[in-house]
Amino acid sequence: MKGGTDQYSYVQNSSLQRRGIDLSQVMINEAIAKDINVENQLMNNPNTIFRVVDLGCSVGSNSLVNDIIEAIDLKIKSYFQGLEPMQCITSEFHVYFNDKTSNDFNTLFALIPLKKRYFAAGVPGSFHGRLFPRASLYIVNSSTALHWLSRVPKEVGDINSSAWNKGKIHYNNASNEVLQAYSAQYVMDMEAFLLARGHEIIRGGLMFILVPPMGDGTLVSQTGLGLQADVLGSCFMEMAKMVTFMYSKSHYCNGQ
């Protein structure tokens, strides 16, 4: 995602992602209130550190972290309701913001409010592998990030493969072989993601995943993403042709 805060940055062009997060907020709050297990943590240590991670955070402007912390805090207070003040908790929250090493973490940290309820840290690296110690995370959240593959399937870029995608950047209107190659890659990525999180999340913790949906029977070409991919791919091809032409022309002139 493009860093910074100018008119072409992710910060200024991510209202659709924000909309999805806003719509899921109520469900997340309800899940925390109903299903999260604070008792096991607080029974042994009322000063428990609750660790929350935002996987694929980009620059953090669309993070659900504050809402998640408020929901946990409300659950904790309800658990200790009626106890003497001296028995009340002093639990703290640690929040880890994760994205690829190329992410603009500088902008992310600049956008974090100075007055916040948590201690913040950046964790660079792919979420398709282990990022945290075993049984260390209380809540894992990933919003509009997990639909990205870890890599382009090798077959779609191999001209000798039946799954060659003819230079396209997306599987829109592609053959079944191309679709199967992308599907197989997604299965491997999801297995790696879930296996890593299975090691990292504590017993009684929760994980929230928000990904763009597509209804059964809907063609990719009928979606906004499919149309955008076609336009963007066409632009890339034209740019590549222009660069190739300019290079060839320059090489010819130099040869003369």
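Which side chain meets that of Asp73 in a salt bridge? In this predicted model the partner is Lys77, with an N to O distance of 3.5 Å. A salt bridge here is a side-chain nitrogen of Lys or Arg within 4 Å of a carboxyl oxygen of Asp or Glu. The model is a prediction, and local features need pLDDT of at least 70, side-chain atom pairs count only at pLDDT 80 or more, and totals for chains, interfaces and linings use all residues. Residues are numbered from 1 along each chain as its sequence is written, and side-chain values use heavy atoms, with hydrogens and water left out.

The setting of this pair is easy to find on the model. Asp73 and Lys77 are separated by about one helical turn because they stand four residues apart in helix α3 (residues 65–79). Helices (H or I, at least four residues) and strands (E, at least two) are DSSP runs, numbered from the N terminus. The two partners differ in their cover: Asp73 is buried at 14% relative accessibility, whereas Lys77 is exposed at 53%. In these terms, buried means under 20% relative accessible area, exposed means over 50%, and partly exposed lies in between (1.4 Å probe, protein chains only). The pair also belongs to a network of salt bridges that links Asp73, Lys77 and Arg117. In total, the structure holds six salt bridges. Side chains of opposite charge can pair when their charged atoms come close.

Glu200 offers a second place to look. Its side chain meets that of Arg130 in a salt bridge of 3.6 Å, N to O. This pair links distant parts of the chain, 70 residues apart, with Arg130 in the loop between β3 (118–124) and β4 (137–143) and Glu200 in helix α5 (residues 176–200). Arg130 is partly exposed at 41% relative accessibility, while Glu200 is buried at 0%. Glu200 also forms a salt bridge with Arg197, at 2.7 Å, N to O. Here the partners both lie in helix α5, three residues apart, about one turn of the helix. Both Glu200 and Arg197 are buried.

Glu200 leads on to Phe132, a residue of the loop between β3 and β4. Phe132 is buried, with 8% relative accessibility. Beyond its neighbours within four places in sequence, Phe132 is in contact (heavy atoms within 4.5 Å) with Val53, Leu55, Tyr96, Val123, Leu137 and Glu200. Tyr171, by comparison, is 39 residues from Phe132 in sequence, and their C-alpha atoms are 33 Å apart in space.

Val52 sits in strand β1 (residues 49–55). With a relative accessible area of 1%, Val52 is buried. Its contacts, leaving aside neighbours within four places in sequence, are Ile68, Ile72, His94, Val95, Tyr96 and Ile139. Tyr96 is thus among the contacts of Val52 and also among those of Phe132. Gly217 stands 165 residues from Val52 along the chain, and 36 Å separate their C-alpha atoms.

Two serines can be described alongside these residues. Ser9 lies in the segment before α1 (15–35) and is buried, with a relative accessible area of 1%. A polar atom of the Ser9 side chain lies 2.7 Å from the backbone oxygen of Asp6, and the Ser9 side chain reaches the backbone oxygen of Gly4 at 3.5 Å. For reference, a polar contact is a pair of N or O atoms within 3.5 Å; within protein, one must be able to donate a hydrogen and the other to accept it, and residues adjacent in sequence count only if both atoms are side-chain atoms. Not counting residues up to four places away in sequence, Ser9 touches Lys2, Gly3 and Gly4. Ser24, in helix α1, is buried with a relative accessible area of 9%. Leaving aside neighbours within four places in sequence, Ser24 is in contact with Leu64 and Leu210.

On the cysteine side, the structure holds zero disulfides (a disulfide being a pair of cysteine sulfur atoms within 2.5 Å). Cys57 is buried at 6% relative accessibility, and Cys235 is partly exposed at 39%.

Finally, the surface carries a nonpolar patch formed by Ile169, Leu232, Phe236 and Met239, with about 370 Å² of accessible area together. Patches are made of residues with over 30% relative accessible area and no salt bridge, with like charges joined within 9 Å and nonpolar side chains (Val, Leu, Ile, Met, Phe, Trp, Tyr) within 5 Å. Accessible areas come from the Shrake-Rupley method with a 1.4 Å probe, and for residues only the protein chains shown count as cover. Within this patch, Phe236 belongs to helix α6 (residues 224–255) and is partly exposed, with a relative accessible area of 41%.
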